[in-house]
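Let's take a walk through this assembly and look at how its chains sit against one another. Have the viewer open and follow along.

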Number of protein chains: 4
Amino acid sequence: MIIVMKHGAGEEQINEVISLIEKLGYKSHLSKGVERTIIGVIGHKDKSPLQAFASLDSVESVIPILKPFKLASIEMKRERTEIDVDGVSIGGEKIAVIAGPCSVESEEQIVRIAHSVKNAGAQMLRGGAYKPRTSPYSFQGLEEDGLRFLKRAKDETGLRIVTEIVAIGDIDLLVEYVDMIQIGARNCQNFALLKAVGQTQKPVLFKRGMSTTVKEYLQAAEYILSEGNPNVVLCERGIRTFEDSTRNTLDLGAVALLKKWSHLPVVVDPSHGTGVRDLVIPMSRAAVAAGADGLIIEVHDRPEEAFSDGPQSLKPDKFAECLRETAKIAEAMGRRL
Amino acid sequence: MIIVMKHGAGEEQINEVISLIEKLGYKSHLSKGVERTIIGVIGHKDKSPLQAFASLDSVESVIPILKPFKLASIEMKRERTEIDVDGVSIGGEKIAVIAGPCSVESEEQIVRIAHSVKNAGAQMLRGGAYKPRTSPYSFQGLEEDGLRFLKRAKDETGLRIVTEIVAIGDIDLLVEYVDMIQIGARNCQNFALLKAVGQTQKPVLFKRGMSTTVKEYLQAAEYILSEGNPNVVLCERGIRTFEDSTRNTLDLGAVALLKKWSHLPVVVDPSHGTGVRDLVIPMSRAAVAAGADGLIIEVHDRPEEAFSDGPQSLKPDKFAECLRETAKIAEAMGRRL
Amino acid sequence: MIIVMKHGAGEEQINEVISLIEKLGYKSHLSKGVERTIIGVIGHKDKSPLQAFASLDSVESVIPILKPFKLASIEMKRERTEIDVDGVSIGGEKIAVIAGPCSVESEEQIVRIAHSVKNAGAQMLRGGAYKPRTSPYSFQGLEEDGLRFLKRAKDETGLRIVTEIVAIGDIDLLVEYVDMIQIGARNCQNFALLKAVGQTQKPVLFKRGMSTTVKEYLQAAEYILSEGNPNVVLCERGIRTFEDSTRNTLDLGAVALLKKWSHLPVVVDPSHGTGVRDLVIPMSRAAVAAGADGLIIEVHDRPEEAFSDGPQSLKPDKFAECLRETAKIAEAMGRRL
Amino acid sequence: MIIVMKHGAGEEQINEVISLIEKLGYKSHLSKGVERTIIGVIGHKDKSPLQAFASLDSVESVIPILKPFKLASIEMKRERTEIDVDGVSIGGEKIAVIAGPCSVESEEQIVRIAHSVKNAGAQMLRGGAYKPRTSPYSFQGLEEDGLRFLKRAKDETGLRIVTEIVAIGDIDLLVEYVDMIQIGARNCQNFALLKAVGQTQKPVLFKRGMSTTVKEYLQAAEYILSEGNPNVVLCERGIRTFEDSTRNTLDLGAVALLKKWSHLPVVVDPSHGTGVRDLVIPMSRAAVAAGADGLIIEVHDRPEEAFSDGPQSLKPDKFAECLRETAKIAEAMGRRL
């Protein structure tokens, strides 16, 4: 942490800051420039209390030097983490493929689509039973029925199941029914929910928030990790920007940055990331080329009847084409689909 | 809802869309342009299922015509809503002033600051007992102790109490201890939490999310209103943009827009909205001039020792100055502080 | 400037950096922390060449300490600058009011509207003769004819004239015909144009770019100032964000920040800043309450026939109402309209 | 174009709108919904004058139906455009590679780096002779000397030359010296400059602005195309968002969208797009996988001494590695580097 004193700060003010630093148990290091004096703060302890020094009249700014996340960092764990989802690995050589409809609409629908995506090459099935919809008047999900239908789809196809949690109270049900719990973008900084899933050992598909920076996102992942659950898979799903021809702006630079800063696996959601069906295939290829460890893709065989997100869903034949094209990129990367 | 057909869509495709529209119980209305055919959809029913039509190969886009919120809208309720917070009104002629520290740090601290802000002219006291911090390693709040200390501050000063909820499980405690429950920006689309506070009758201080559009924000308010709790106060607290010299960009245009579209009261948080102490006074004046019904301001008498948000907190004397200046603006608006 | 060395950087690497610093003529100051070594760079000279040190393998980051603008800064000139526009002052006690249509459409139109806005209380007339339109197929302006019509409007009403420049080649014409030259948002970092107007002594109405940070904006103003033209008026006109119910997000926090960091006057454009006619009045009031020195407002008496920007233009009666309301705020601020 | 009338608009108001539509030479088409009446506008003519109808008191909104660009659109020209840059093609099967330093610093430097990037596999050399720097106190480029040094580098290596134009007055010099003229992000909507390069036949490397939407970007390209210069290469170089760990957010979804909507070739700049050296290789791979036709990469052999942009420049060995990795992706796409 570096404390930058205001232009014109005098000896007395500088000494006041130094004595406050030392009172908190750190060492200080003074450096006088031509226009500004800066004071380095040295010590092993958490330096976040020092942010408050920016409140002193004599202080211009307080600048952190270290990255603010620990357990998620590559410095903490040099080898890449692989997460085991009931026998399917995410983070290894093989690119994981998760596919399915936005919402579970009926037992027949989810089982039918499960067969489709399995045939095309998916290992995992997605489908929402609890839906965080923008409007309370939109379809909110089939809830426990939806979970049972997903379980049924797993029994029939062997696909592992991932579904979203929206309330802490549902956690026991989800742990019982599904293989992986998704935290959606809107709950990326719902820290109570993160702590709750952190207290299970279930694999977590943890989506980045719409306006969460990469640093904040990794700090949010710390909430899950620091509660004792190491099974976190990160997921870039598009961020909110001024661009209005796509639903979100898919930030593949963040994927490369997450792989540089963290040992955790990263998957990409090109369906929500663009919101435009025709962009899902090129963005799936690009995600794998950027270093993603997996894809999560919305697939619906009758998108015009879907209860939600039809316009960004691929039909099964397009999904199969997507996997064929992406497999070539995976191979070029020394990986496979 | 308007369905725009792709250039070159033929009779058969147009008829397919019309028959799908009618199957869902709406009427259709055809309009052929020089380059595009458009189909209007007419009917009383919720039209959100029609979004899925964008999935049809023959359809270029689906354009909604109506605003997506109801109970919050000015069309639904022409007179402005006043919310009664244990005798303090928000939304009337008098501008409501809520002030206090970011966090409750001790009984002594919160009572001491309560007296300060009361003397300066505040009617309500803010202070976090449960803190949604970016990092799990930062101070997380005193929890139920914090609530007791807030209650104590009310007993001593008469100030009404508002504090943030971060988990549904705490709701009974908050209802018991405080006068108004705050939903923070990070939980603006935590719909499970919104439904839970919607099932109480407690006044809710409902903050806009960092990247929530005004339309989405009002739809989120619908979650509270439609569960039966009409006591919603909206709060603009800054949105996330590229600008990096302020912590957030305070969107006062949104305040004016919320007053145009909704009957609910709107307060403004210039402390989080800028993150810069020197901007709190000008933005408090500007908020009232834009039409805000109240202000929520961070005040701390020893900001350099604050557990959180010291740099944006006003000291009590500056807070008093802020209210004096803002009172003049209120008067110019035909209101009072 | 502070150089942060990577974790694990050794003596040799540290010495390499120090010797590079000294080779460039600065002094260095070493500070070893527990996890990182940092090196302060001290000296009077411009430190921007040191940014390149971030390229060294041993360096983690390079952090600037000083603000990057000089002539525009309040440190350089403590008293506030007033700009004289042919006898009308911007930056003094009186709030300047600039009004008029988006485009000059005909001599009759601009003279007619000039009389309207003069009667309502404006001191200056705006109107585009050269229009930077998003599409080349939209109306591009009347060019020199437009300038002549503006001059005619001045002759009839005494209103001072401001109009936008879009190409360096037009500068002599503009200097001859108008009292103040506007640089539009799209040209905020068109540095060649900034230098060219910097070589005149004409007052410049310099609009902030749609995605220009406050620091970049003041650096851009340095281009004009450092060429020798001190007559710069800053103008906040809305920035580009994710919000889609307003055309731009009017950043009034930036107005307060510009007044804190710079001695230059600041005016606000609530018409482009919101793009919504009903928001122009509340945002005019809020701008003055935030500390703005002037307003620039689009006024058209037949907005439904306007060649551009009709939807955000006020009709003359609404404009008069706007000034009446804003005058009360100005008075509450100890100023006048 | 669709005109949406306000709730409650009466016969008279509807008829007024219809008669205004017809006065302008279009046909109208009325459609009455349950809550709103909408009026379609039909006709071959440019419909932009109708935007002004949003100003009528009875009108809620005006919604365009057609895309706002023509010559750039895939509907206008179904086969993909290849641009010939003095014998090097951009837009064909082969991915074009442009590389070099941010700035031309000396004859020796640019010739030396030209040999490096040629050996690694580049076909074109970049290097700024006129630099649009954020601060007027930063290095502004060697100007005509820089052009001569670039020419010299071409003579020695055969690499085609691209350099940025910042002022219309330099256009004849650039046409004489270089093979391709770059329009930088800050000038993306400097329409006077676009028209000027549109009046030459030189290939143009046209960069997207930092906050220009894809639709606005293609409309800006129309300025060049409609002046008669068809040789436009689009370039995604990152957009401005809230994310602060990368310099910009590289929008590869926009690359896929540009390829879907336009026949023009698209290249990607991963150096400015991320601003982080370690992200350049993964983003180069991802760009090609997204469908890009070329890459423009900053390369410097002594980045710690570079006058600008050192931290994002690759050293020649890393650049060679970048091309080797990207070549594999190109092959997987059925293309080659």
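How many residue pairs are in polar contact across the interface of chain A and chain B? Keep in mind that this is a predicted model, and that a pair enters this count when both residues are at pLDDT 80 or more. With that rule in place, the answer is 19 residue pairs in polar contact between chain A and chain B.

So who's doing the touching on chain A? Two elements give two or more residues each to the side that faces chain B: helix H5 (191-198) and helix H6 (214-226) of chain A. H6(A) gives the most, with 6 residues. If you sort the residues on this side of chain A by character, you get 18 nonpolar, 16 polar and 12 charged.

Now zoom out to the whole contact. Chain A puts in 46 residues, and chain B puts in 46 residues as well. The area buried between these two chains is about 3,700 Å², and carbon and sulfur atoms give 50% of that.

As for charged pairs, the count between chain A and chain B is 2 salt bridges. One to pull up on screen is Arg240(B) with Glu216(A), where the closest N and O atoms are 2.6 Å apart. For reference, the cut-off for a salt bridge is 4 Å between the side-chain nitrogen and the carboxyl oxygen.

What about symmetry? In general, two copies of a chain are related by a rotation about an axis and a shift along it. Here, turning by 180° with 0.0 Å of shift along the axis superposes chain A on chain B, and the RMSD is 0.0 Å. That is the relation of a two-fold axis. To find that axis from chain A, look for Ser211(A): its C-alpha is the nearest one in the chain, 3.1 Å from the axis. The interface fits this picture too: 100% of the interface residues of chain A are also interface residues in chain B, so the copies meet through the same surface.

Then move over to chains C and D. A turn of 180° and a shift of 0.0 Å along the axis lays chain D on chain C with an RMSD of 0.0 Å. Within chain D, the residue that comes closest to the rotation axis is Ser211(D), with its C-alpha at 3.1 Å. And since 100% of the interface residues of chain D are also interface residues in chain C, these copies meet through the same surface.

Technical notes. Residues numbered from 1 in each chain as written. Chains lettered and ligands numbered in written order. Predicted model: local features only at pLDDT ≥ 70, side-chain atom pairs only at ≥ 80, totals over all residues. Heavy atoms only, no water. Contact = heavy atoms within 4.5 Å. Buried area = accessible area lost by both parts, 1.4 Å probe. Polar contact = N/O pair within 3.5 Å; in protein donor to acceptor, adjacent residues only side chain to side chain. Helix = DSSP H or I, 4+ residues; strand = E, 2+ residues; numbered from the N terminus. Nonpolar A, V, L, I, M, F, W, Y, C, P; charged D, E, K, R; others polar. Least-squares fit on C-alpha atoms with pLDDT ≥ 70 in both.
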